[in-house]
Amino acid sequence: MIDRRKLVAGGLTLAALSSFGQMAAGQTATKPLLIFAGDETSAACKTWRTDWEPLFKQAPVFAKLDYRVVFPATPTLLLKPASWPADLRWVLDAFLMSQVGVDQGAETPRFFLIQNGQIILTTVGVNSWRDVMWPTLLDVTNSKP
């Protein structure tokens with residue numbers, strides 16, 4: 001289980017690493033971007049896709065975000081650049097260079113929140129979606145559930 005301090009520290013490390021990746025790629029986003037990274041073998045990913053993702057897509061917050069999915073067949077493939085769209089590979093690179101990436105690797109479902117070209121938060125698991133990422137999305141977009 002990850003404690004909140006590790007989660008925040010990991011997010012800050014990723015933010016620092018990802019800003020370099022974004023500058024190098026020359027990309028900027030007007031809306032926050034949420035990336036769902038999962039795999040076809042994970043029971044937790046199946047739960048996310050069937051129970052949580054439809055609710056998320058119907059919520060007002062969804063219209064205020066860009067949403068992308070990286071969903072290869074296995075968790076091992078999730079850590080391969082070829083499984084990621086070219087414009088999002090910097091996210092994988094930043095994640096793999098971070099302590100969170102080293103510690104957690106291919107744990108899924110994983111969520112990345114990117115704002116102003118930086119990864120501001122990453123969480124893993126359905127409980128972290130509900131308890132950490134969802135409230136953060138509401139704050140970032142000034143939305144109500």
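Which residues does Pro81 touch, not counting residues up to four places away in sequence? Pro81 touches Arg89 and Leu92. This is a small way into a predicted model, so let us stay with Pro81 for a moment before looking around. Pro81 sits in the loop between helix H3 (75-78) and helix H4 (89-97). With a relative accessibility of 39%, Pro81 counts as partly exposed. Its C-alpha lies 9.9 Å from that of Val91, a residue ten places away in sequence.

Now take in the whole chain. The protein chain holds six helices and four strands. Starting at the N terminus, the elements follow the order α-β-α-β-α-α-α-β-β-α. Of the 145 residues in the protein chain, 44% are buried. Among contacts with a separation of 6 or more, 62% are between residues 24 or more positions apart.

Let us turn to strand S1 next. Five of the five residues of S1 are buried, so this strand is largely enclosed by the rest of the structure. In a regular strand, side chains alternate between the two faces of the sheet. In S1 both faces are covered: on one side Leu33, Ile35 and Ala37 are buried, and on the other Leu34 and Phe36 are buried as well. A partner for S1 is strand S2 (residues 66-70), which runs parallel to S1 and is joined to it by five bridges. One place to see this pairing is Ile35, whose bridge partner in S2 is Arg68.

What surrounds these strands? The largest nonpolar core has 19 residues, and Phe56, Trp129 and Leu137 are the ones with the most contacts inside it. At least two residues of this core come from each of strand S1 (33-37), helix H2 (43-58), strand S3 (110-115) and helix H6 (126-141). H6 gives the largest share, seven residues. To get a feel for this core, pick out Phe56 on the screen. Leaving aside neighbours within four places in sequence, Phe56 is in contact with Leu34, Trp48, Val61, Phe62, Leu65, Tyr67, Trp129, Trp134 and Leu137. There is also a second, separate core of 16 residues, and Leu33, Leu78, Trp84 and Leu92 are among its members. Leu92 is a residue you have already met, as one that Pro81 touches.

From here, move to strands S3 and S4. These two strands pair in the antiparallel sense over six bridges. Ile114, for example, has Ile119 as its bridge partner in S4. Five of the seven residues of S4 are buried, so S4 is largely enclosed by the rest of the structure.

Strand S3 also contains Arg110, a charged residue worth a closer look. Is Arg110 buried or exposed? Arg110 is buried, yet it has no salt bridge. The nearest side chain of opposite charge belongs to Glu107, 5.5 Å away, and a salt bridge requires a distance within 4 Å, which means that this pair does not qualify. The side chain of Arg110 does have polar contacts: one of 2.3 Å with the side chain of Gln104, and another of 2.9 Å with the side chain of Thr122. Leaving aside neighbours within four places in sequence, the residues in contact with Arg110 include Ile35, Phe36 and Ala37, as well as Phe95, Val100 and Val124.

The backbone has a few details to point out too. Most residues other than glycine have a negative phi, and most peptide bonds are trans. Against that background, the peptide bond from Thr108 to Pro109 is cis, with omega near 0 degrees. Pro109 is found in the loop between helix H5 (99-104) and S3.

Another such detail is at Asn116, in the loop between S3 and strand S4 (118-124). The hairpin of S3 and S4 has two residues between the strands, and Asn116 takes a positive phi near 50 degrees there. Asn116 is exposed, with a relative accessible area of 63%.

Finally, follow the chain to the segment after H6, where Asn142 lies. Asn142 has a positive phi of about 50 degrees although it is not a glycine. Its relative accessibility is 69%, and Asn142 therefore counts as exposed.

Key
Residues numbered from 1 in each chain as written. Predicted model: local features only at pLDDT ≥ 70, side-chain atom pairs only at ≥ 80, totals over all residues. Heavy atoms only, no water. Core = buried A, V, L, I, M, F, W, Y, C linked by side-chain atoms within 4.5 Å. Buried < 20%, exposed > 50% of the residue type's maximum accessible area, 1.4 Å probe, protein only. Contact = heavy atoms within 4.5 Å. Lys, Arg positive; Asp, Glu negative; His and termini not counted. Polar contact = N/O pair within 3.5 Å; in protein donor to acceptor, adjacent residues only side chain to side chain. Pairing = 2+ DSSP bridges.
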